[in-house]
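Thanks for sharing this one with me. Here are my notes, point by point, so that you can follow along with the model open beside you.

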Amino acid sequence: MLSRLVLPLSRQSIRCLAPCLSQTRHFSRPLCMSDREKRQLIVRGQNVPVSEEYWDYVADEQSVKDAEVYRNNTENYVGTVKYPIGVIGPLKVNGEYANREYVVPMATHEGALLASYSRGAKAITAGGGVTTRIKTRCMLRAPVFIFDNIADANQFYRFAHKATTQEAIKDTLHKNIGHLTEERTRIRVFQTDRKVHISIGIDSQDAAGQNKVTYAGDLMMKWMKENYPGKIPEMYIEGGFNAGKRVSVMHTLLGKGHSLVADCIIPKEVCQSILRTTPYRLQRFQKMHNRTNEFMGGISCTAHAANGLAAFYIATGNDPACTAESQAAVTHFDLVNPSGGSTGLFDQDLYASITLNSIIIASIGGGTSLPSFQAARSIMGATSANELAEICAGVVLSGELSFYASMETGTFAAAHWNMTHK
């Protein structure tokens, strides 16, 4: 539950904000609640019965030994779950930060998924690779200010819109929160009835920035409490406008986290030999699929971007819940004739692209520092969030190509049956 903010602002309280938040402890429990020596799992004084397999696969010796490593990531820690991980590739990425061939780890227990992504990666690489470009990088938080009526709210809205107001807020953030790219900090103001939502966007560099932007929102609220000449009856750190971990048109249009685009050309010979269809038939089916999705009110115009995003996020130590907003994407297939030959429908190559405006990914912070996720990322050798984002875009487009191909050729059901029933 979000609490109402009533604290006055002072320079000292601003500087102490982040340390105070990080030092708050609501859980004073043992590092690991699983006692391997006594074979007991004690939760709130009660002995919870578990199977013998629990001590082999959850509270195994290594997991209990590493309890200190997980201290800041998992409260009431009892052990770890071994999640299956596979690889796809090599996938050739022609990006500004990812610019070579990668073997990519993906974590999933869905049979046939990685085989499909591998096929898509093979087709992309055979065609020369996927080109990726990052448009923006900005994590968002949207505190809400609630007034007694629309007139009071509009007066605050105008105050928040002033250039002097926004510059003062940005100055406060830049002085008190480290590792921000100052020129990318942005503030957007929206009024809905008697509520005013102020969306703060920050570039937290290689961190995802979800905690840091929350600190930024809290600082902005304190600044408003002290500097707005009128009365602010209520304010909360989030009023729903940010749509965190929920799919939203906002994520498709305005973006959140890394906003990037990716495209590739699949020559007709590659399309026929690897994807087992023709460029004409494949783009025809994809457009039909997208039109149906739009008719049904879908926000994400893709085949199954969520599959690739979730598997990549889990393997690299990123937050899989962000798949909800990251899947707000658009896939597009078309026919192209880069060689200048015949322009007949059946003689052209396939153009495939995807726009991913809300990739929430990091190379530092959160779960990225945990041992197994570091080890998985070492398979790629990727070191920055930008590099990971560009690889991720290539992975998702690989899955789109193979999915649509299996649907168009009628092999989707057989592939799943054959790979999961042997």
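**Notes on the predicted model**

1. Start at the surface: Val247, Val249, Leu253, Leu254 and Ile299 make a nonpolar patch of about 400 Å². Patches are built from residues with over 30% relative accessible area and no salt bridge, joining like charges within 9 Å and nonpolar side chains (Val, Leu, Ile, Met, Phe, Trp, Tyr) within 5 Å. A salt bridge here is a side-chain nitrogen of Lys or Arg within 4 Å of a carboxyl oxygen of Asp or Glu. Areas come from the Shrake-Rupley method with a 1.4 Å probe, and for residues only the protein chains shown count as cover.

2. Before going further, a word on the ground rules. This is a predicted model, where local features need pLDDT of at least 70 and side-chain atom pairs count only at pLDDT 80 or more, while totals for chains, interfaces and linings use all residues. Residues are numbered from 1 along each chain as its sequence is written, and side-chain values use heavy atoms, leaving out hydrogens and water.

3. Val249 from the patch belongs to helix α8, residues 249-253. Helices (H or I, at least four residues) and strands (E, at least two) are DSSP runs, numbered from the N terminus. With a relative accessible area of 45%, Val249 is partly exposed; buried means under 20%, exposed over 50%, and partly exposed in between (1.4 Å probe, protein chains only).

4. Now some backbone details. The peptide bond from Gly89 to Pro90 is cis, with omega near 5°, and Pro90 sits in strand β4, residues 85-94. Arg39 is not a glycine, yet has a positive phi of about 55°; look for Arg39 in the loop between β1 (34-35) and β2 (40-43). Lys245 also has a positive phi, near 60°, and is found in the loop between β10 (234-236) and α8.

5. Which face of strand β12 is buried? Ala329, Thr331, Phe333 and Leu335 point to one face and are buried, while Val330, His332, Asp334 and Val336 point to the other and are not. This fits a general pattern: in a regular strand the side chains alternate between the two faces of the sheet. β12 pairs with strand β13 (residues 349-359) in the antiparallel sense over eight bridges, and His332 stands opposite Ser353 in β13. Strands count as paired if DSSP finds at least two bridges between them.

6. An open sheet of three strands runs in the order β1-β2-β3, with antiparallel pairing. β1 and β3 (46-47) are at the edges with a single partner strand each, so one side of each has no neighbour in the sheet. β2 and β3 pair over two bridges, with Val43 opposite Gln46 in β3.

7. Finally, the aromatic rings. Rings of Phe, Tyr and Trp (its six-membered ring) pair if their centres lie within 6.5 Å; planes under 30 degrees apart count as stacked, over 60 as edge-to-face and the rest as tilted. The count comes to 14 aromatic pairs by this rule. Phe147 and Phe156 have ring centres 5.0 Å apart and planes at 40°, so this pair is tilted. Phe147 is buried, with a relative accessible area of 2%, and Phe156 is buried at 0%. By contrast, Phe403 and Tyr404 form an edge-to-face pair, 5.7 Å centre to centre with 80° between the planes. Phe147 and Phe156 also belong to one aromatic cluster with Phe145, Phe159, Trp223 and Tyr228.
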